[in-house]
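Biologist: Pick one part of this model and give me a close look, would you? Then carry on from there to whatever else in the backbone and on the surface catches your eye.

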Amino acid sequence: MPKNTSKPWNGDMIKMDIRVRKIYEALFALEDLRELFRQALPAGLDEHEEAQFSSEIARLETIVQELKEGKGNPIKHIGAGLELRTREEEFININPIQAGGRLTPEARKALIAYGDGYSVCDQCLVGRLDKIRKPPVEEFHAELADFVGMDEVRVVPGARRGFQAVTASLIEKGDLVIVSDLAHYTEFLAVEIAGGVIKEVPSGSNHIVTGDAVAETIERAKEETGKLPKLVMIEHVDYSFGNVHDVEGVGKVAKDYDIPFLYNGAYAVGMMPVNGKNIGADFVVGSGHKGMASVAPSGILATTDEWAPKVFRSSQIVGDVTGRRFENKEPAMLGCTLMGGTVLSMMASFPHVKERVKRWDAEVKKSNYFVREFLRIEGNKISSECPRKHTLSKVDTRDSFDRIAKTHKRRGYFLSDELKRKGIVGEFAGSTRVWKLNTYGLSWDRIKYLSETFIEIAGKYELPVKRK
Ligand SMILES: *Cc1c(COP(=O)(O)O)cnc(C)c1O
């Protein structure tokens with residue numbers, strides 16, 4: 001390994017800062033120090049442990065010295081054969097699904113402090129996660145319900161488990177469920193596991209789901225089967241185009257037909273302002289790891305006072321021999337849900353998340369700036385609605401970068417190579433046709449750098465670029 005270099009980069013690849021890896025090394029050294037106290041007797045370290053402490057401190061000091069000077073060997077592994085993950089530190093990450101789930105520093109600290117298994121259960125008095133006061137999980141639930149404009153909320157292991165809790169409570173075998181033709185696969189699976197039948201709403205050529213289209217689909221379902229659907233489940237923002245759908249319109253139609261409406265806010269809750277009651281939603285589902293800067297798997301299921309007794313009903317089951325009952329447990333939740341680092345990360349990010357949704361307009365502005373610059377490259381197209389109303393966008397580069405890919409020896413990977421060389425990752429590797437990216441949370445500096453990089457790559461391969 002050559003000394004004083006972070007990595008033997010080739011060509012014009014940008015040089016990574018060794019300090020990122022030194023920070024990891026220092027964090028790990030601190031964890032090793034911490035472990036000493038986890039093994040020692042409560043009264044303190046014995047002689048042998050003190051010696052270990054001193055040698056660990058010396059190691060840490062060396063690392064800090066290297067960190068200051070920006071030199072030394074870069075570590076690559078955590079241990080157990082696991083590699084470091086440095087893409088958020090060393091790169092601009094445009095991965096479509098990862099942007100809203102990037103942790104805040106507070107969430108990362110919560111994970112350090114509450115990473116142990118059932119860490120949230122230290123002072124559980126009544127056997128209910130949402131009633132724990134220390135840490136303030138109960139208070140968090142109250143604020144969370146308020147945050148999405150609903151009456152009651154539970155944390156769940158991902159948006160999908162929110163869908164499942166609702167379908168398990170409302171859908172019986174053969175019942176119809178309305179979803180859109182852009183619905184996420186987890187909506188389908190949640191219906192499948194409950195024995196329901198899917199009826200898809202066509203989003204049309206502009207890929208926007210409207211209240212009218214939902215009404216037409218309900219009518220069609222009624223004609224075909226003679227019965228009304230039992231649930232309408234529509235996403236505010238779909239995963240494919242990142243288009244913003246008319247959920248208020250859907251809410252009205254659902255109300256007119258008296259069918260409960262599950263608002264899927266996987267790409268919305270925690271990123272943009274969401275008020276379930278104003279939308280006319282009976283259920284609001286959000287994803288912690290998609291949109292709330294939280295550890296996976298995490299999410300929320302919120303509802304109204306009307307529906308809470310149904311989905312958050314108490315267990316009724318009785319053991320035939322022991323006569324045991326679990327009336328304080330909620331079967332649709334399978335009792336407690338997020339018992340450690342997951343819920344603590346949600347709580348730790350929450351103050352930031354509450355503030356960041358107020359800055360959604362700025363995120364949309366950056367998204368549109370990027371799109372405008374991206375469209376200067378001739379042949380580039382945006383498949384999503386324009387102007388953009390979200391930061392997740394589907395782009396079509398079949399008439400630009402894919403033309404280069406056809407004759408390039410690296411084929412579609414040439415674009416990934418070029419992007420990575422400039423410190424950009426997260427595009428679908430090898431794809432130069434139709435792919436997705438997400439600009440959420442990128443600073444203006446990063447947005448401009450990202451835009452310039454695409455234009456630079458276009459220039460390198462002599463793709464025409466329109467003047468500003
Ligand atoms: C990501 C996504 C989901 C699944 O969310 P999880 O929290 O991972 O279960 C559901 N619906 C849509 C529209 C999504 O984009």
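Modeller: Let's start with Pro135, which sits in the loop between helix 4 (105-114) and helix 5 (137-147). (Helices here are DSSP runs of H or I with at least four residues, strands are E runs of at least two, and both are numbered from the N terminus.) The bond leading into Pro135 from Lys134 is cis, with omega near -5°. Bear in mind that this is a predicted model: local features need pLDDT of at least 70, side-chain atom pairs count only at pLDDT 80 or more, and totals for chains, interfaces and linings use all residues. Residues are numbered from 1 along each chain as its sequence is written, and side-chain values use heavy atoms, with hydrogens and water left out.

Further along, Ala296 and Pro297 are also joined by a cis peptide bond, with omega about -5°. Pro297 belongs to the loop between helix 11 (288-291) and strand 10 (299-303). That loop holds Ala293 too, and there phi is near 50°, a positive value in a residue other than glycine. Ala293 is buried, at 0% relative accessible area; buried means under 20%, exposed over 50%, and partly exposed in between, with a 1.4 Å probe and protein chains only.

Now compare Asp258, another non-glycine with a positive phi, this time about 60°. Asp258 is in the loop between helix 9 (247-257) and strand 8 (261-264), and at 70% relative accessibility it counts as exposed. Why do these spots catch the eye? Because most residues other than glycine have a negative phi, and most peptide bonds are trans.

On the surface, Asp212, Glu216, Asp246 and Glu248 gather in a patch of negative charge. Patch residues have over 30% relative accessible area and no salt bridge, with like charges joined within 9 Å; a salt bridge would put a side-chain nitrogen of Lys or Arg within 4 Å of a carboxyl oxygen of Asp or Glu. Asp212 sits in helix 8 (residues 211-225) and is exposed, at 57% relative accessible area.

Stepping back, the protein chain has 17 helices and 14 strands. Its radius of gyration (over C-alpha atoms) is 25 Å, close to the 23 Å that the globule rule gives for 468 residues, so the chain is as compact as a globular protein of that length; the rule is 2.2 Å times the number of residues to the power 0.38. Along the principal axes, the C-alpha atoms fill a box of roughly 75 × 70 × 35 Å, and buried residues make up 52% of the 468.

Note on methods
Patch = residues over 30% accessible without salt bridge, like charges linked within 9 Å, V, L, I, M, F, W, Y side chains within 5 Å. Areas by Shrake-Rupley, 256 points an atom, 1.4 Å probe, with all protein chains shown as cover. Lys, Arg positive; Asp, Glu negative; His and termini not counted. Charge placed at Lys NZ, Arg CZ, Asp CG, Glu CD.
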